[in-house]
Amino acid sequence: MPSYTVTVATGSQWFAGTDDYIYLTLVGSEGCSERTLLDKAFYNDFERGAVDSYDVNVAEDVGEIQLVKIEKRRYWVQDDWYCKYITVKTPAGDYVEFPCYRWFSDEQEIVLRDGTARLPKDDVTQVAKQHRRKELEERQKLYRWMEWHPGFPLSIDAKTCKDLPRDIQFDSEKGVDFILNYTKAMENLYVNRFMHMFQSSWSDFADFEQIFLRISNTISEYVMQHWQEDFMFGYQYLNGCNPVMIQKCTKLPDNFPVTTEMVDCSLERNLTLEEEIKAGNVYIADYSLLDGVSANSTDPCTIQYLAAPICLLYKNLQNKVLPIAIQLAQTPGENNPIYLPSDEKYDWLLAKIWVRSSDFHIHQTVTHLLRTHLISEVFGIAMYRQLPAVHPLFKLILPHVKFTIAINTKAREQLICECGLFDKANATGGGGHVQLVQRAMKQFKFSSLCFPEEIQMRGVASKEELPYYLYRDDGNMVWEATKSFVSDVVNIYYDSDETVSTDVELQAFVKDVCIFGLNGNEDLGFPKTIMTRDKLIEYVTVIIFIASSQHAAVNFGQFDWCSWIPNSPPTMRRPPPTEKGVVTINYIIESLPDRGRSCWHLGAVWALSQFQENELFLGMYTDEHFIEKPVKNAMKKFRKKLDEISSIIKERNKNKKLPYYYFSPDRIPNSVAV
């Protein structure tokens, strides 16, 4: 009687084990085994982290093992079970691996394919084709599109995290509870005594230090010491929390009438402003997206304000980028003066504070929320709907969308919903953030997700013209490493452009992203089809880069750059001044957030800047969805390149007062999960 040895690995997460009955059926090319009970209740099988082996006897040889069917049946109380993988040793001594990495809930059964990645064309048997089709039919019932707000990218059809399929829920809800995390953060920062002091102003800038956690040799302390200086203001456009706003100024906008006479004292090359622009020394940051966005009105006791400034920047002879002119509204006129470094100290300082506040809103809502979180969710939902687990692209993309749908669902539940945490301290709360995403979507382009292309579009690609732009330099290194890895994997499975164009599941995936996830908006430039290997490599590189590296670059510096409230105010309590010469220190303090909002803001940027427990960083693929040696070699090569990049960045940062490490691969989580 032939005997098979079946090894079952249970996950190491909390509550991953089970006392339920587990049944297994082997499906081979020549027949099936009998349904075999592997687990007997309370025999200490399938405990958390356990690897258990069982003998399965069959009357006759079932042939080549094609499928493994696992069933969980309740013994006493409901408990979920997380199965990592199953390995089958055949009577001939061969081993067949069946990756699972899924939760079994209630009385559930799952049918697994072996771990070899296959395109649709590779499946020739009816059993394989039917399994592929059935898996997608079941997933499409679970993963449904929903429009959260008109004009938004579509999201998952779930009101709470508990409504999500079990496989994409967090292992522990406690770890991603925004309310709990923000409250804990404020306790850790010793600022909870100020939490409820809304409407109570600080007395001066030094008073903000009462809630500022000072840790020696950190960026945040350096920001506190130098935030009023023009070089620090300009530096943040290159390497701060939102280093995507600066672009080459090739012509002054008609609504920004800056003249040479205004800025002559800031220009260092004996050239006119027009000549400096032609020489490539002038840059601009325009916050027109904020023009007309409704300010937060959820608290009748505090009127809050927004502005839509334009800021002109100049690269001086020391290659520092400095602000030389600021206009706080989009329409020029007598009541909208252009502020200059030569103005009174507090006039110029408040103008810069307004720009920094506007930059915060664009960062949080557009750069961070829309361009990493929401877009990654679209890719994730489409992946689950259109790519079966056996598809190589599913295996490749899966680690980079892990927990993304869950964190976004939790955000819609607690953070950016009506009366959510976002309303407490942000001037774009109460609906302004929704308007901002809707406006940003009208300008959004797929090409802007391709890192080198986006850098080129803003005219900031040249290291010679704009040195010290570490966001660009490090980002290019990580992009190229990621693209090389994707290329290696894609070329293993796709031997020609024809293989790409005839992959019906790939085409369905790309179409689902464009037609459903993005509402068929052709203006966005997302492809409806992918016909070549080069385009496929670019597309998958975008998915992985946005979810891992781009998110890390714009998320994990929030405490560094935004914890000193005057450098990044989440709201302003007085309107922008309409004339020069009226601003005093008291005027500025009364404009900045009150004590309560400052504390909520500090708790938020602290919580958002923390890595998750047991974080998996870029290139760490602990779940072995791929079993093929060529792919494992590609992963090894990828990790080696990432280690080299981390070493380069670490060496460069030595003894730097302002180190830049947000693109360091050893600090880039695999997915958007915070």
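Here are a few questions and answers about this predicted model.

Reader: In what order do the four strands of the open sheet sit?

Author: The pairing in this open sheet is antiparallel. Strands S5 (51-57) and S8 (95-104) are the edges, each pairing on one side only. Reading across, the order is S5-S1-S7-S8.

Reader: And how much are neighbouring strands of this sheet turned against each other on average?

Author: Direction is ignored for this one. On average, the turn between neighbours in the sheet comes to 20°.

Reader: Which residue in S7 is the bridge partner of Thr-10?

Author: Strand S1 (residues 3-10) runs antiparallel to strand S7 (residues 81-89), and six bridges join the two. Thr-10 has its partner in S7, and that partner is Cys-83.

Reader: Is Val-77 buried or exposed?

Author: Val-77 sits in the loop between strand S6 (65-73) and S7. Together with Tyr-75 and Trp-76, Val-77 makes a nonpolar surface patch of about 370 Å². The relative accessible area of Val-77 is 51%, and the cut-off is over 50%, so Val-77 counts as exposed.

Reader: Why do His-368, His-373 and His-551 gather at one spot?

Author: The unreviewed UniProt entry annotates these three as "binding site". They span 184 residues in sequence, yet they gather at one spot because no two of their C-alpha atoms are more than 7.9 Å apart.

Reader: What about His-368, buried or exposed?

Author: His-368 belongs to helix H7 (residues 345-386). Its relative accessibility is 5%, and buried means under 20%, so His-368 is buried.

How values were computed:
Residues numbered from 1 in each chain as written. Predicted model: local features only at pLDDT ≥ 70, side-chain atom pairs only at ≥ 80, totals over all residues. Heavy atoms only, no water. Pairing = 2+ DSSP bridges. Axes fitted to C-alpha atoms, helices over the stretch in contact; angles between N-to-C directions. Patch = residues over 30% accessible without salt bridge, like charges linked within 9 Å, V, L, I, M, F, W, Y side chains within 5 Å. Areas by Shrake-Rupley, 256 points an atom, 1.4 Å probe, with all protein chains shown as cover. Salt bridge = Lys/Arg side-chain N within 4 Å of Asp/Glu carboxyl O. Buried < 20%, exposed > 50% of the residue type's maximum accessible area, 1.4 Å probe, protein only. UniProt positions renumbered as here; feature names shortened; annotations may be inferred.
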